[in-house]
Structure formats: C-alpha cells, structure tokens
Number of protein chains: 2
Amino acid sequence: MALPFTAMSTPLEDAMDTLIRIFHHYSGKEGDRYKLSKGELKELLTSELTDFLSGQKDSLLVDKIMKDLDSNKDNEVDFNEFVILVAALTVACNDFVEEQLKKEGF
Amino acid sequence: MALPFTAMSTPLEDAMDTLIRIFHHYSGKEGDRYKLSKGELKELLTSELTDFLSGQKDSLLVDKIMKDLDSNKDNEVDFNEFVILVAALTVACNDFVEEQLKKEGF
C-alpha cells in the first residue's frame, strides 16, 4: 500500500500509518473493500483491542459500538467512523493517564 | 508513565499509546503540563509531522492550526483538541490512500 509518508517517518506518522493499515486489513476481507461490516469490525476489535475488550463482559458490545459509530446508518463503518472510535478510546485512556500522573504529584 | 495497556499490546494499542506519549512529551515542557502552548504545538508539529509540514510554505500555519484547534479559546491545545487534529490528518491521508488503491484497480 503506497502511503503518503516517506521512509524516514516519525513515531506519530507511524501511528497514523498503523490506523490506516489496520482498517484496510480488516475492511478488505468481504463486501465493500473500504468499509467494515459488522463481522469485520468484530474481528478488528477482538484482535486489535484485546486489552480494551478483555474487561468487557457485554456480548452485545460490538452491536452497540456498530450502532454508535454507524452515523450514516448503512450498517457498515467507514474510515472516518473508525477514527472517531479510536480517538474516543484514546481520549479515555489519556484521562486515565492524566489522573494517575496527578495522583503521583506531576 | 503508567499506561492502561499491558506489556503484550497490539499495533493499534501501541499507536494509541504513541499519541498519548507524544502529547505529554511536548505539553510538559512549559506552563500547564497537560496542555500545549503555541510554542509547544509548533515544536510538536515541526518535529513529529515533518512530512506533513515540509510541503507547507505558510509561515502562519501553526497560528492557523492553533486557532482552529483551540475550540475553548484558552490559547492552549488540550489532549482532546490534539486528537482531533491527528484524526483529521489521518482521514486526509486515508482519502489519498483509497484514491491510489482505486486507481490501481483495488
């Protein structure tokens, strides 16, 4: 896959590259190559966000996430919708990190 | 810094971790430890998004980005505002990637 970054990329550029690569790895499996079906989304979440999902006992979680993310109601998740999920999770993780840092007196 | 992920993290979890670490590396340099001043934002952008900025000849770009991101008008960028920038840039990169893939017949 030809990404717009050069070979000498920074960690932040690598992280952005990772989001794009992971999305397309799963979205290309079936149906629309550029969207995640519910099955593809479930496979991505269980394989790539293991720590996040391991604490969840809710078997309907993937359905709930799909419903929340699928803002245009086509029962598929496009890249923009996927990035919103990752952004929301990262903000939640950062809230946890900042809380810990403040507790430790930073 | 104690992040909520275990040692056995996935590439997607590593990417989220990278966003948090990079933000705090720069936000901790001066003033509010949990927000980027204009100077810290400029340093982050020029050091960590070199490919993105190298094509830009606009010396006022950092001022424009700060103005766009700083939704609560405190002249600083918090983590939520930073993640919105990264998400928007990643969506732009993905648009480019998908256009290339479609041209190549995928």
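User: Which residue forms a salt bridge with Lys35(A), and how far apart are the closest N and O atoms?

Analyst: A salt bridge is read from the distance between a side-chain nitrogen of Lys or Arg and a carboxyl oxygen of Asp or Glu, with 4 Å as the limit. In this structure, which is a predicted model, the partner of Lys35(A) is Asp74(A), and their closest N and O atoms are 2.9 Å apart. Asp74(A) lies in the loop between helix 4 (61–69) and strand 2 (77–78) of chain A while Lys35(A) belongs to strand 1, so the pair ties together parts that are 39 residues apart in sequence. Asp74(A) is partly exposed, at a relative accessible area of 28%, and Lys35(A) is also classed as partly exposed, at 21%.

User: Which parts of chain A does the salt bridge between Lys29(A) and Glu43(A) tie together?

Analyst: The side chains of Lys29(A) and Glu43(A) meet at 3.5 Å, N to O. Lys29(A) sits in the loop that runs between helix 1 (11–27) and strand 1 (35–36), and Glu43(A) sits in helix 2 (residues 38–48), so this salt bridge joins parts of chain A that are 14 residues apart in sequence. With a relative accessibility of 43%, Lys29(A) counts as partly exposed, and Glu43(A), at 34%, is partly exposed as well.

User: How many salt bridges are there over all chains, and where in chain B do Asp17(B) and Arg21(B) lie?

Analyst: Over all chains, the search of the whole structure gives six salt bridges. One of them is formed by Asp17(B) with Arg21(B), whose closest N and O atoms are 2.5 Å apart. Both residues lie in helix 1 of chain B, four residues apart, which is about one turn of the helix. For the burial of each partner, the dividing value to keep in mind is 20% relative accessible area: Asp17(B), at 14%, counts as buried, whereas Arg21(B), at 40%, counts as partly exposed.

User: What is the nearest side chain of opposite charge to Glu48(B), and what does the side chain of Glu48(B) make a polar contact with?

Analyst: For a charged residue that is buried, one can look for an oppositely charged partner and then for polar contacts. Glu48(B), in helix 2 (residues 38–48) of chain B, is buried yet has no salt bridge, the nearest side chain of opposite charge being that of Lys29(B), 8.5 Å away. The side chain of Glu48(B) does make a polar contact, at 2.7 Å, with the side chain of Tyr26(B). Once neighbours within four places in sequence are left aside, Glu48(B) is in contact with Ile22(B) and Tyr26(B) in its own chain, and with Thr10(A), Pro11(A), Leu12(A) and Glu13(A) across in chain A.

User: How many residues does each chain give to the contact, and what area is buried between chain B and chain A?

Analyst: An interface can be read from its residues, its area and its polar pairs. The contact takes 43 residues from chain B and 43 residues from chain A, and the area buried between them is about 4,000 Å², of which carbon and sulfur atoms give 73%. Leu12(B), Tyr34(B) and Asp51(B) supply 17% of the area that chain B buries against chain A, more than any other three residues. No salt bridge is found across the interface of chain B and chain A, while six residue pairs are in polar contact, with both residues at pLDDT 80 or more.

User: Which helix of chain B gives the most to the side that touches chain A, and how does that side divide by class?

Analyst: Helix 1 (11–27), helix 2, helix 3 (50–54) and helix 5 (79–103) of chain B each supply at least two residues of that side. Helix 5 gives the most, with 15 residues. By class, the side of chain B that touches chain A has 28 nonpolar, nine polar and six charged residues.

User: Is Phe82(B) buried or exposed, and which residues does Phe82(B) touch?

Analyst: Relative accessible area gives the burial, and a list of contacts gives the surroundings. Phe82(B), placed in helix 5 of chain B, is buried, with a relative accessible area of 1%. Not counting residues up to four places away in sequence, Phe82(B) touches Leu19(B), Phe23(B), Leu36(B), Leu44(B) and Val77(B).

Notes:
Residues numbered from 1 in each chain as written. Chains lettered and ligands numbered in written order. Predicted model: local features only at pLDDT ≥ 70, side-chain atom pairs only at ≥ 80, totals over all residues. Heavy atoms only, no water. Buried < 20%, exposed > 50% of the residue type's maximum accessible area, 1.4 Å probe, protein only. Lys, Arg positive; Asp, Glu negative; His and termini not counted. Polar contact = N/O pair within 3.5 Å; in protein donor to acceptor, adjacent residues only side chain to side chain. Contact = heavy atoms within 4.5 Å. Buried area = accessible area lost by both parts, 1.4 Å probe. Nonpolar A, V, L, I, M, F, W, Y, C, P; charged D, E, K, R; others polar.
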